[in-house]
Amino acid sequence: MINPQMVMYEEEFNQIQAVVDRLVRDANAKVVFIVDKNGQLIAASGDIDNVDTTSLASLTAGNIAATGGMAKLLKENEFATQFHEGEKANIHIQLVGNRVILVVIFDSRSSLGLVRLRVKKASEELNHIFESLLKKVQEPGADSPFAEITDEDIDNLFND
Amino acid sequence: MSFINYMAREINCKLVYYGPGLCGKTTNLQYIYERTNPEAKGKMISLATETERTLFFDFLPLSLGEIRGFKTRFHLYTVPGQVFYDASRKLILKGVDGVIFVADSQIERTEANLESIENLRTNLAEQGYSLDKLPFVVQYNKRDLPNVASMEELREMLNPTNVPDFEAVARTGVGVFDTLKAVAKLVLTELKKGG
C-alpha cells in the first residue's frame, strides 16, 4: 500500500455532521464545510445549494497547501488560521489537527470574533473525532470494500 | 490518497497531469471537460496568468459511474509546467493516486521532457512516493505536428519501464480519453489490491 487511505464511516460522519450543523447556528454562518488536505469534501452544512462546494474544497486545499509552503520557507510549522474579508462574504479557514480544514463562510449577520470563538470549540471536537477515526482505519481487519472488485467491474465502468 | 466515504458510498481519487510547459496538460482537461455530460462533471477551475499559462493548477472533478455500489469520483489536476513553479508542483502532488505524464513530441522539446520527468521523480520521492510503484501512464502529445520525434525514441527516453502509453493530439481529443481511462483503471486496480 503506497498511500494511507482516508476512510469515512457512518458513525464518525454523523458526529462530524452534528458539529458542522451546530457551528452554522452558533456562529451565525452561511456555510460551514470540512475538507481534507487533498481537497476532498468531507462534510458541509448551511446554505450549500447556492455554493459550489466541490470547487471551494479544492481551492481551499490549494490555499492551505500554498500557505503551508510559505510557512515552511519561514521555518514556521503551519499558518493554522486564515481570514479573507470581502464586501459581503467573509471566509475563515482553520486547519484542524494538521489533518483537515474547517471553513466558515459568513456575512454581516455574524462577526469575526464570534466565528473565531465558535471555531475554536468546534476544532477541538473535530480533532477528537478525527483522531478516533484514524485509529479505527489503522486497525487490522478493516478490509477495503474494493478487495472483491473484479477486472470486469473496472472494465464495465468504461463501457460507454 | 484515495478517500473512501462509506456514508456517501463514494470513492474519491486524485489524478495529476504532469509535463513540461506548453505540452498540453490544460488542453487535456479542457477536452475532457467539453466532452463530458454535465451531470458527470463539476466546474473546471483554472488558476492561470493573464496570458493563460497555468499559475497554480487546473482542477476538474469527474464522476465515472458506480462500482459495487460505490460512486467513483476522480479529481483531475494539472501542474504548472514552467520550470520556476516547482514549489507549486510539489504541493499539487500531495496525496496523488495516479500520474499522467504528458510529453511534447516535438524534437526541440526533448530536453524539456527529460527535465520534467526527472523533476516528477524527484518531487514524488520527496514525499515518499516512487514513480515505479504509482499508477502511471505516458501520453505523447502533439503527434500531428511535422517535427516530432519518433515513438521509438520517445518511448526509450520517457517510458523505459513500459507503462501504458498513448499517442495523442489533445487539441482535437485524439488519445485524451484513452489516457484517462488507462490511468483510472490502474488506480482502481491498485485499490483492489488493498491500497
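In this predicted model, B:Gly95 adopts a positive phi of about 70 degrees just after helix H2 of chain B. That helix spans residues 86-93, and its buried residues are B:Ser88, B:Arg89, B:Leu91, B:Ile92 and B:Leu93. These buried residues pack against helix H2 (53-73) of chain A, and within chain B they pack against strands S2 (10-18), S4 (54-67) and S5 (70-78) together with helix H3 (110-126).

Nonpolar side chains tend to be buried together in soluble globular proteins. The largest nonpolar core here has 64 residues, and those with the most contacts inside it are A:Ile16, A:Ile34, A:Leu102, A:Phe130 and B:Leu76. Helix H5 of chain B, residues 176-192, supplies the largest share of this core, namely eight residues. Apart from it lies another core, whose members include A:Ala65, B:Phe101, B:Tyr140 and B:Val163.

| Nonpolar core | Size | Residues named |
|---|---|---|
| Largest core | 64 residues | most contacts inside it: A:Ile16, A:Ile34, A:Leu102, A:Phe130, B:Leu76 |
| Another core | 30 residues | among them A:Ala65, B:Phe101, B:Tyr140, B:Val163 |

Leaving aside neighbours within four places in sequence, B:Leu76 is in contact with B:Leu15, B:Tyr17, B:Leu29, B:Ile32, B:Asp58, B:Phe59, B:Leu60, B:Leu62 and B:Leu180.

A polar residue, B:Asn141, is found in strand S7 (residues 136-141) of chain B. B:Asn141 counts as buried because its relative accessibility is 3%, where the cut-off for buried is under 20%. The side chain of B:Asn141 reaches the backbone nitrogen of B:Ala170 at 2.9 Å. Not counting residues up to four places away in sequence, B:Asn141 touches B:Cys23, B:Gly24, B:Val102, B:Ala103, B:Asp104, B:Ser105, B:Ala168, B:Val169 and B:Ala170.

Definitions and conventions
Residues numbered from 1 in each chain as written. Chains lettered and ligands numbered in written order. Predicted model: local features only at pLDDT ≥ 70, side-chain atom pairs only at ≥ 80, totals over all residues. Heavy atoms only, no water. Buried < 20%, exposed > 50% of the residue type's maximum accessible area, 1.4 Å probe, protein only. Helix = DSSP H or I, 4+ residues; strand = E, 2+ residues; numbered from the N terminus. Contact = heavy atoms within 4.5 Å. Polar contact = N/O pair within 3.5 Å; in protein donor to acceptor, adjacent residues only side chain to side chain. Core = buried A, V, L, I, M, F, W, Y, C linked by side-chain atoms within 4.5 Å.
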